[in-house]
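Colleague: I would like a close look at one part of this model, followed outward into the rest of the chain. Please keep it to what can be computed from the coordinates.

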Amino acid sequence: MRGGSGARLALIAIVAVLAVLVWRGLPLIERTLAPPAAPQLIVARGDLADSEQSTIALFEGAKDSVVSITTENRVVDFWTRDAVNVPLGSGSGFLWDRQGHVVTNNHVIAGATSAIVRLADGEAFPARLVGTASGHDLAVLRIDAGPQQPAPLPLGGSADLRVGQSVFAIGNPFGLDWTLTTGIVSALGREIPGERGTSIRGLIQTDAAINPGNSGGPLLDSAGLLIGVNTAIYSPSGASVGIGFAVPVDTVNRVVPQLIATGRYAPPTMGVLFDPRGDALLRRAGMTGVPVLDVVPGSPAAAAGLRPLGVTRDGRLRLGDVIVALDGAAIRDSADLGAALDIREAGATVELGLLRGGGRTEVSLVLAEGG
């Protein structure tokens, strides 16, 4: 019995070995007997579709104006006191003019002590900070690329954008340089949280894929014109889920020239002090609007006779004027008033709707330059 079992086991082992040898050797036998392998024939596809050709032309015409931005922070070692530059982050930007100004997002360069701008041809330049406007998440850098600098992007408009029109985003997501994504305008007039409790308003919403590293890059229309600056995504995971936001170009074209000229952006002013905390006091009284907390002497508001918040003899607050409208548009809170002033220019005449002494009155004033 033992001899028979051993013989069967030996036979099974021999069969298994033969099976492995055949399995391993079969491809060699097939290659020996089969005719030589040759590449498959390639089928000519014909001309690209018109939409494909236009997208390719748009990208090739715009990519040289788009830049990659890397930032560093200078850190001093606690023990050795040696200072070293530590990589901080990366983003995108684009050339604004022939003088080397580069537009990007404020959050791309926030906290950095230095930045490097890299052009599409691979050449890199140290950049200096010209100015920032955190309320619009915009910043301007400047590089010295000389006369061979690529042309700036041509500007379009954002006031006449329509939901559903095609858009194209170029940037450097996750460090993957000069990436093109496409989509449509998904919505207009969006609002997202900004810094210190403020909001960034009037944004373009798009489903063109926008990921970390796209920030500061351009959003283009189908004519290759700049219509926005990609600024943020809405995503629990931190990656694109089809909801991205861009600062409209009309805002960019209002803010950037001021940053280049003065290093900061200051909307026009009425000479009125207002604050969200004043709005909250008003809401507790069941009212909406913006209470005038103070009036700057010699300001347009002072000339127009606006009345600020006061204090009675017994120490109670006395409500002054409450701004409830500007040029016929309702003003519900300080954010509304700030946004309304932001789209106007110094020297413009505005009509204020005021609540005063239990009644409604209208006052005209001329906006002054922001301080």
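What follows starts from one acidic side chain at the end of a helix. Which residues does Asp342 contact, leaving aside its neighbours within four places in sequence? Is Asp342 buried or exposed?

Modeller: The coordinates are those of a predicted model, and every value below is computed from them.

Asp342 belongs to helix 7, which spans residues 334–342. Its relative accessible area is 9%, and the limit for a buried residue is under 20%, so Asp342 counts as buried. Once neighbours within four places in sequence are set aside, Asp342 touches His136, Arg254, Tyr265 and Pro267. Two of these contacts can be described further. With Arg254, the side chain of Asp342 forms a salt bridge, at an N to O distance of 2.7 Å. With Tyr265, there is a polar contact between the two side chains at 2.9 Å. Side chains of opposite charge can pair when their charged atoms come close.

The salt bridge also ties together distant parts of the chain: Arg254 sits in helix 4 and Asp342 in helix 7, 88 residues apart. The structure has nine salt bridges, and some others give context. Asp314 pairs with Arg316, with 3.0 Å between the closest N and O atoms. Asp314 counts as exposed because its relative accessibility is 52%, and Arg316 is likewise exposed, at 56%. Arg360 and Glu362 make another such pair, at 3.1 Å between the closest N and O atoms. There Arg360 is exposed, at 52%, while Glu362 is partly exposed, at 42%. Beyond these pairs, Glu191, Arg201, Arg332 and Asp336 are joined into one network by salt bridges that share partners.

Helix 4, the element that holds Arg254, leads into the interior. The largest nonpolar core contains 30 residues, and those with the most contacts inside it are Phe94, Val103, Leu220, Val229 and Val252. Two helices are among the elements that give two or more residues to this core, namely helix 2 (50–62) and helix 4 (249–262). The strands that do so are strand 5 (124–133), strand 6 (138–142), strand 7 (166–171), strand 9 (199–206), strand 11 (226–233) and strand 12 (244–248). Helix 4 gives the most, with five residues. Leu220 has a long list of contacts outside its neighbours within four places in sequence, including Leu58, Ala62, Leu153, Phe168, Ile170 and Ile227. A second, separate core has 19 residues, and Val272, Val290, Leu326 and Ala340 are among them.

Ser158 is another buried polar residue to set beside Asp342. Ser158 is in the loop between strand 6 and strand 7, and it counts as buried because its relative accessible area is 11%. Outside its neighbours within four places in sequence, Ser158 contacts Ile227, Pro248, Val249 and Asp250. A polar atom of the Ser158 side chain lies 3.1 Å from the backbone nitrogen of Asp250. The C-alpha atoms of Ser158 and Leu219 are 11 Å apart, with their positions 61 residues apart along the chain.

Some backbone geometry should be noted as well. Most residues other than glycine have a negative phi, and most peptide bonds are trans. Asp137 has a positive phi, near 55°, and is placed in the loop between strand 5 and strand 6. Asp137 counts as buried because its relative accessibility is 9%. Asp327 also has a positive phi, near 50°, and lies in the loop between strand 18 (322–326) and strand 19 (329–330). Unlike Asp137, Asp327 is partly exposed, with a relative accessible area of 39%.

The surface offers a nonpolar counterpart. Ile14, Val17, Leu18 and Leu21 make up a nonpolar patch there, with about 390 Å² of accessible area together. Of these residues, Val17 is in helix 1, residues 2–33.

To return to the part you asked about: Asp342 is buried, its side chain is paired with Arg254 of helix 4, and it makes a polar contact with Tyr265.

Notes: Residues are numbered from 1 along each chain as its sequence is written. This is a predicted model: local features need pLDDT of at least 70, side-chain atom pairs count only at pLDDT 80 or more; totals for chains, interfaces and linings use all residues. Side-chain values use heavy atoms; hydrogens and water are left out. Patches are made of residues with over 30% relative accessible area and no salt bridge: like charges are joined within 9 Å, nonpolar side chains (Val, Leu, Ile, Met, Phe, Trp, Tyr) within 5 Å. Accessible areas come from the Shrake-Rupley method with a 1.4 Å probe; for residues, only the protein chains shown count as cover. A salt bridge is a side-chain nitrogen of Lys or Arg within 4 Å of a carboxyl oxygen of Asp or Glu. Helices (H or I, at least four residues) and strands (E, at least two) are DSSP runs, numbered from the N terminus. Buried means under 20% relative accessible area, exposed over 50%, partly exposed in between (1.4 Å probe, protein chains only). A polar contact is a pair of N or O atoms within 3.5 Å; within protein, one must be able to donate a hydrogen and the other to accept it, and residues adjacent in sequence count only if both atoms are side-chain atoms. Contact means heavy atoms within 4.5 Å. A nonpolar core is a set of buried Ala, Val, Leu, Ile, Met, Phe, Trp, Tyr and Cys residues joined through side-chain atoms within 4.5 Å.
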